[in-house]
Amino acid sequence: MNTFEIKEDFLLNDEAFKIMSGAIHYFRVEPSDWYHSLYNLKALGFNTVETYVPWNLHEPKKGEFHFEGILDLERFLTLAQELGLYAIVRPSPYICAEWEFGGFPAWLLQAPLSIRRNETAYLEHVADYYDVLMKKIVPHQLANGGNILMIQIENEYGSFGEDKDYLRSIRDLMVERGITAPFFTSDGPWRATLRAGSMIEEDILVTGNFGSKAKENFASMQQFFDEHGKKWPLMCMEFWDGWFNRWKEPIIQRDPKELAEAVKEVLAQGSINLYMFHGGTNFGFMNGCSARGVIDLPQITSYDYGAPLDEQGNPTEKYFALYQMIHETYPELEQLEPLTKRSIEKNKIPLTDKVSLFETLETISQPLQSTYPQTMEALGQNTGYLLYRTMIERDADEERLRVIDGRDRSQVFLNQELQATQYQTEIGEDIHVAMPEAVNQLDVLIENMGRVNYGHKLFADTQKKGIRTGVMADLHFITNWQQYSLPLESCETVDYSRDWHPQQPSFYRYEFTLAEVGDCFIDLTKFGKGSVFVNQTNIGRFWEVGPTLSLYIPNGLLKVGNNEIEIFETEGTYQPEISLLKAPLYKEMREG
């Protein structure tokens, strides 16, 4: 039986072991590509893969669990083991990861409770989740014949709180359900976060997260160890080899040679986990959001991250710079030729059908009636769009309307004609509309653009989506609303036999055949804002503001023969033809 211990060194079968790990999130990579990514990690000469576990995908509704397809954690771990890779698993309730709501399920917002605190109501939900999740993890521990070396208790908790009773509770929940692998915590490498987020007094390994200046950061960690009389190996649990990106901002880049030298500096003193090794994609509506003062800044669909493997999993300049550094510094390590997937292209795919959202609304959603508008969470919806509808009488030829306290993006229609588009900082401002009829139809389409994944706003009221207070005409709140939930997990019930009207949110269908499949990128340069569905799988959001102007389509979502792409577009912009490209497209943007 293999053994793993944490002494003055990491000991694997009683021998000193340097962890050389790379982060691959199974839920951000199409399952047919897992082997490709894991193989390339092994080919680099690394020995371990690290992954988070997203609670909100595994339990999207209370008591409803999913571990199939892209969520098959056990298959991912088994595949890694078959390739000779060990694993580090981070199943903490909170993952950050630039992921929708930091991994928390949105249904937690329905009840008055506090997250990441030692409070019974919250911990009971975690316990229910762990009842199911730990059964998937326990068999894969090293002591049980699997490949898991270590398990994380919480994630960067020192950047949120210092409730040690809470950390103990999370640990105990895992221990009670069979976790015997060594635990660790990971935080910023300075004293304040290490003190607040660690369990050093209970002999639980402390690791640090940083992306440069290894000597200084490890020195800070070592000083903290010395304060507590700990002789532990140093490990950077997240060495940021790139960075995430937000809409309207240029792509962040890092020099490959500089990165290789920085990684070399880490390895000279300790162990490493490259964050990310393969970033992948925020499929569907699972991108996270940065909190900035009164506004939130949503992140883009691509989670390329500037990682050693690009979004589709192919080696980059960073990969080969690291490969060369490892070869020169650790010549005893076995390295292999990395794998590269082929890409395909297909031009001039014709539009076959189109239909306006308002026309097919009743086929894709059933209305829920209420006196006042209800939030997305109150309606049991996690992500996507929500359409509010009511009828208003004409009190004057021109009326002043206001959407009060809505998140995140609002489009206001009167008699199905767009009157205003407003974002977080604009929602609540006056919208002056002409009232042509004695009674007029008012529609408000709200988009949830992503919940924050980090910081003090994690559980703030602002993370409830939709209209949280109401809509006003003149000086009064309007009543009698119908709400149409539009999670848009697929387009299966869209009725294309109905009418299409210009300048309305609409669905567009494109059909094509393929003689062979491969990775590709859909060109969205002539579209405004929305999401794309490939053979009924939502591959993510697009937005003309950039920096990305395309979306990645994994080969596993395509098939030989007939295929269809459907686009939900909210700005009234579309194209009679689309193209699939071999490489992604970016909008030219300048720093600052």
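Which residue just after α1 takes a positive phi? I looked it up, and G45 does, with a phi of about 105 degrees. I keep in mind that this is a predicted model.

**Entry 1: helix α1**

I stayed with α1, which covers residues 34–43. Is the helix mostly enclosed or mostly open? Eight of its ten residues are buried, so the rest of the structure largely encloses it. I listed the buried ones: W34, H36, S37, L38, Y39, N40, L41 and A43. Next I asked what covers them. The cover includes two strands early in the numbering, β4 (20–24) and β5 (48–52). It also includes α3 (73–82), β11 (271–278) and α9 (317–329).

**Entry 2: the whole protein**

I stepped back to count. The protein has ten helices and 31 strands. How compact is it for 592 residues? Its radius of gyration is 25 Å, and the globule rule gives 25 Å for that length, so the protein is as compact as a globular protein of 592 residues. I also noted the span of the C-alpha trace along the principal axes, about 80 × 55 × 45 Å.

Then I checked burial. Buried residues make up 61% of the 592. The accessible surface comes to about 22,600 Å². Carbon and sulfur atoms hold 47% of that surface.

I turned to contacts between residues at least 6 apart in sequence. Of these, 80% join residues at least 24 apart.

Last, I counted charges. There are 54 positive and 87 negative side chains. The centres of the two sets lie 2 Å apart.

**Entry 3: the cores**

Which residues have the most contacts inside the largest nonpolar core? They are F4, M150 and F239, in a core of 117 residues. Helix α4 (residues 120–137) gives the most to this core, with nine residues. Another core lies apart from it and has 23 residues. Among them are V532, L558, I565 and I567.

I went back to F239 and looked up its contacts, leaving aside neighbours within four places in sequence. F239 is in contact with F210, G211 and S212. Further along the chain, its contacts include R254, L259, A262, V263 and V266. I272, N273, L274 and Y275 are also in contact with F239.

**Entry 4: two buried residues**

I picked P233. It sits in the loop between α7 (214–227) and β10 (235–240). Is P233 buried or exposed? Its relative accessibility is 9%, and the cut-off for buried is under 20%, so P233 counts as buried. Not counting residues up to four places away in sequence, P233 touches I6, K7, E8, D9, F10, L205 and F225. I also took a distance from P233 to Q335. They are 102 residues apart in sequence and 25 Å apart in space, C-alpha to C-alpha.

Then I picked N56, in helix α2 (residues 55–58). N56 is buried too, with a relative accessible area of 7%. Which residues does N56 touch, not counting those up to four places away in sequence? The list is W99, E100, G103, F104, P105 and M286. From N56 I took a distance to I578, 522 residues along the chain. Their C-alpha atoms are separated by 33 Å.

**Entry 5: cis peptide bonds**

I looked at omega angles next. The peptide bond from Y275 to M276 is cis, with omega near 0 degrees. M276 has its place in strand β11. That strand is part of what covers the buried residues of α1. Y275 had already turned up, as a contact of F239.

Another cis peptide bond joins R407 and D408, with omega about 5 degrees. Where is D408 found? It is in the loop between β17 (398–407) and β18 (409–414).

**Entry 6: positive phi without glycine**

G45 was a glycine, and I looked for a positive phi in other residues. C96 has one, near 60 degrees. C96 is in the loop between β6 (86–90) and α4. With a relative accessible area of 7%, C96 is buried.

Q536 also has a positive phi, of about 75 degrees, although it is not a glycine. Where does Q536 lie? It lies in the loop between β27 (529–534) and β28 (537–543).

Note on methods. Residues numbered from 1 in each chain as written. Predicted model: local features only at pLDDT ≥ 70, side-chain atom pairs only at ≥ 80, totals over all residues. Heavy atoms only, no water. Core = buried A, V, L, I, M, F, W, Y, C linked by side-chain atoms within 4.5 Å. Buried < 20%, exposed > 50% of the residue type's maximum accessible area, 1.4 Å probe, protein only. Helix = DSSP H or I, 4+ residues; strand = E, 2+ residues; numbered from the N terminus. Contact = heavy atoms within 4.5 Å. Rg over C-alpha atoms; globule rule 2.2 N^0.38 Å. Areas by Shrake-Rupley, 256 points an atom, 1.4 Å probe, with all protein chains shown as cover. Lys, Arg positive; Asp, Glu negative; His and termini not counted. Charge placed at Lys NZ, Arg CZ, Asp CG, Glu CD.
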